[in-house]
Amino acid sequence: MLLVIAILLVLVLIGIARCIVIVPQSNAYVTEWLGVYKDTWGAGLHLRTPFVERVSRKVSLKEEAADFPPQPVITRDNVTMMIDTVVFFQVFDAKLFAYGVNRPIQAIENLSATTLRDIIGSMSLDETLTSRDLINTKITASLDEATDRWGIKVNRVELKNIEPPAEIRQAMEKQMKADREKRASILLAEGEKQAAITRAEGVKQQRIREAEGEAQALLMVQKAKADSIRLINEAAPSQNMLALRSMEAMEKMADGQATKIIVPSEMQNLAATVAAIKES
């Protein structure tokens, strides 16, 4: 009898334990009552009615990233490319996610592929390669609107890789190489031009400084002559002094190549007077 009671007690405890459900953080459990939706449990402790109530779907409310394989798309100018996308989404309604669509991840992948083909089909190759942000924004808006009824919030879509055909890539590489060589040639020419301008400016400045130096020297010579004349005038020299200075100048002239010197009579008389003064 005691054994039977113990067995019954163990079964009751097991039943009670099975009725206790703990929902982890950032999760939601969808429950059904006899196969019909009953409630959505958030994080925490919950009690389940045995035999008639069950957890039908465990849904994560965290943001997830779905990396889809490359999809072939055709641009407006009939260029086929392979583009793979990454969709970042988050479940905001567990009930809609559980009952809104079958295999929601696959549905998002198919919807992303069709939306991508529609957007790329209205753009040229160059626009596709240079408008990645615009494409991401359009796909995100389109997917977010379409997945609302599935309880899914599409936060963003990123184009992971864009692969044009091999011949297009080769042509693009050649064009990029030509552009780099052109820019290098332009930079080299600009550098040589700037160097020539710098050299010319240096020569110009040097000539200006030399001219200013010569002008300054001439100005100083003329100023010295003017000062000497002014001092002579201020000293009021006599006729004899002027004659004596003239003789000194004549002596300097005699030291040169001149062979004949004409001396005025006044200077001759002055010379005789000077000689007499020396003898005395």
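**A walk from the core to the surface**

The largest nonpolar core of this predicted model has 32 residues. Within that core, the residues with the most contacts are Met 81, Ile 83, Val 87, Leu 116, Ile 135 and Ile 139. Several elements build it. Strand 2 (27–33), strand 8, helix 2 (94–99), helix 3, helix 5 (132–146) and strand 9 (152–163) each supply at least two residues of this core.

Take Ile 135 as a way in. Setting aside neighbours within four places in sequence, Ile 135 is in contact with Leu 116, Ile 119, Ile 120, Met 123, Thr 128 and Leu 159. Leu 116 is also among the core residues with the most contacts.

Now step back to the whole chain. The protein chain has 280 residues, and buried residues make up 24% of them. Its secondary structure comes to 8 helices and 9 strands. Among contacts with a separation of 6 or more, 62% are between residues 24 or more positions apart.

Next, strand 9. Val 157 is found in this strand. Is Val 157 buried or exposed? Its relative accessible area is 1%, so Val 157 is buried. Which residues does Val 157 touch, not counting those up to four places away in sequence? They are Thr 85, Val 86, Val 87, Asn 136, Ile 139, Thr 140 and Leu 143. Two of these names, Val 87 and Ile 139, also appear among the core residues with the most contacts. For Thr 140, there is a distance to add. Val 157 and Thr 140 are 17 residues apart in sequence, yet their C-alpha atoms are 5.4 Å apart in space.

Empty space comes next. Rolling a probe the size of a water molecule over the atoms shows where empty space is left. A search of the whole structure finds 1 cavity of 30 Å³ or more. About 40 Å³ of space lies in the largest cavity. Which residues line the largest cavity? The lining consists of Phe 68, Gln 71, Ile 83, Asp 84, Thr 85, Glu 109, Ser 112, Ala 113 and Leu 116. By class, that makes 4 nonpolar, 3 polar and 2 charged residues. Strand 8 (80–91) and helix 3 (104–121) each supply at least two residues of the lining. Helix 3 gives the most, with 4 residues. Ile 83 and Leu 116 line this cavity, and both are also among the core residues with the most contacts.

Gln 71 deserves a stop. This lining residue is found in strand 7. The cut-off for buried is under 20% relative accessible area. Gln 71 has 17% relative accessibility, so it counts as buried. Leaving out residues up to four places away in sequence, Gln 71 touches Met 81, Met 82, Ile 83, Glu 109, Ala 113 and Arg 117. Of these, Ile 83, Glu 109 and Ala 113 line the largest cavity as well.

From here, turn to charged pairs. How many salt bridges does the structure hold? The structure holds 6. Three of them are followed here.

The side chains of Glu 63 and Arg 156 meet in a salt bridge, at 3.5 Å from N to O. This pair links distant parts of the chain, 93 residues apart. Glu 63 sits in the loop between strand 5 (53–60) and strand 6 (64–67), and Arg 156 in strand 9. Glu 63 has a relative accessible area of 41%, so it is partly exposed. Arg 156, at 36% relative accessibility, also counts as partly exposed.

Asp 67 forms a salt bridge with Lys 160, and the closest N and O atoms are 2.8 Å apart. Here too the pair links distant parts of the chain: Asp 67 is in strand 6, Lys 160 is in strand 9, and 93 residues separate them. Asp 67 is partly exposed because its relative accessible area is 46%. Lys 160 is partly exposed because its value is 48%. Beyond neighbours within four places in sequence, Asp 67 is in contact with Thr 85, Val 86 and Lys 160. Asp 67 and Thr 85 are 18 residues apart along the chain, and 6.3 Å separates their C-alpha atoms. Thr 85 appears again in the cavity lining and among the residues that Val 157 touches.

The third pair is Glu 127 with Arg 76, the closest N and O atoms being 3.8 Å apart. Glu 127 is in helix 4 (residues 125–130), and Arg 76 is in the loop between strand 7 (71–74) and strand 8. These distant parts of the chain are 51 residues apart. Glu 127 is partly exposed because its relative accessible area is 32%.

Notes:
Residues are numbered from 1 along each chain as its sequence is written. This is a predicted model: local features need pLDDT of at least 70, side-chain atom pairs count only at pLDDT 80 or more; totals for chains, interfaces and linings use all residues. Side-chain values use heavy atoms; hydrogens and water are left out. On a 1 Å grid over the protein atoms alone, a cavity is a set of points where a 1.4 Å probe fits but cannot get out, and a pocket is an open set with protein on both sides within 12 Å along at least five of seven lines; lining residues have an atom within 4 Å of a point. Grid points are joined across faces, edges and corners, and a volume is the space filled by probe spheres set on the points. Ala, Val, Leu, Ile, Met, Phe, Trp, Tyr, Cys and Pro count as nonpolar, Asp, Glu, Lys and Arg as charged, and the others, Gly among them, as polar. A nonpolar core is a set of buried Ala, Val, Leu, Ile, Met, Phe, Trp, Tyr and Cys residues joined through side-chain atoms within 4.5 Å. Buried means under 20% relative accessible area, exposed over 50%, partly exposed in between (1.4 Å probe, protein chains only). Contact means heavy atoms within 4.5 Å. A salt bridge is a side-chain nitrogen of Lys or Arg within 4 Å of a carboxyl oxygen of Asp or Glu.
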